[in-house]
Amino acid sequence: MERETSIWESRRFRVGLIAGTSALVALILILQNFDTVEVQFFFWRAEAPLAGLIFTSMLVGAGLQALIRLLWRRKRRHQDRDEQA
């Protein structure tokens, strides 16, 4: 007979707690930084609010993380199929 896992011990709760805390910290960081800054990327220059740059950087980072995780899972699936064949 298996013991029922409480919500505090579940992975979904822990991931939700970490994501919620991260989102709250990001929101506080963004709301405190509305100054306009100059951005230079190679030969391109622009002025933008720091909050927008922080938010965009977070989105790019999350997207890269998701892409790397997807590629890693795909590679692992192919390795598992090759081992089973």
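Start by colouring this predicted model by pLDDT. Among the elements of the chain, strand 2 (residues 44–49) has the highest mean pLDDT, 90, while helix 1 has the lowest, 87. For the chain as a whole the mean pLDDT is 85, with 92% of residues at 70 or more.

Next, select asparagine 33. You will find this residue in the loop that joins helix 1 (11–31) to strand 1 (36–41). Show its side chain together with the backbone of leucine 29: a polar atom of the asparagine 33 side chain sits 2.6 Å from the backbone oxygen of leucine 29. Now look for partners further along the sequence. Beyond its neighbours within four places, asparagine 33 is in contact with Leu50, Ala51 and Ile54.

From there, move to helix 2, which spans residues 50–84, and turn on the surface. Select Val60, Leu64, Leu67, Ile68, Leu70 and Leu71: together these residues make a nonpolar surface patch of about 570 Å².

Two members of that patch deserve a stop of their own. Leucine 67 lies in helix 2 and counts as partly exposed, because its relative accessibility is 43%. Isoleucine 68 is also located in helix 2. Is isoleucine 68 buried or exposed? Its relative accessibility is 58%, so isoleucine 68 counts as exposed, the cut-off being over 50%.

For a last stop, keep isoleucine 68 selected and add valine 37. Draw a C-alpha to C-alpha distance between the two: they are 30 Å apart in space, with their positions 31 residues apart in sequence numbering.

Notes:
Residues numbered from 1 in each chain as written. Predicted model: local features only at pLDDT ≥ 70, side-chain atom pairs only at ≥ 80, totals over all residues. Heavy atoms only, no water. Patch = residues over 30% accessible without salt bridge, like charges linked within 9 Å, V, L, I, M, F, W, Y side chains within 5 Å. Areas by Shrake-Rupley, 256 points an atom, 1.4 Å probe, with all protein chains shown as cover. Salt bridge = Lys/Arg side-chain N within 4 Å of Asp/Glu carboxyl O. Helix = DSSP H or I, 4+ residues; strand = E, 2+ residues; numbered from the N terminus. Buried < 20%, exposed > 50% of the residue type's maximum accessible area, 1.4 Å probe, protein only. Polar contact = N/O pair within 3.5 Å; in protein donor to acceptor, adjacent residues only side chain to side chain. Contact = heavy atoms within 4.5 Å. pLDDT = per-residue confidence, 0-100.
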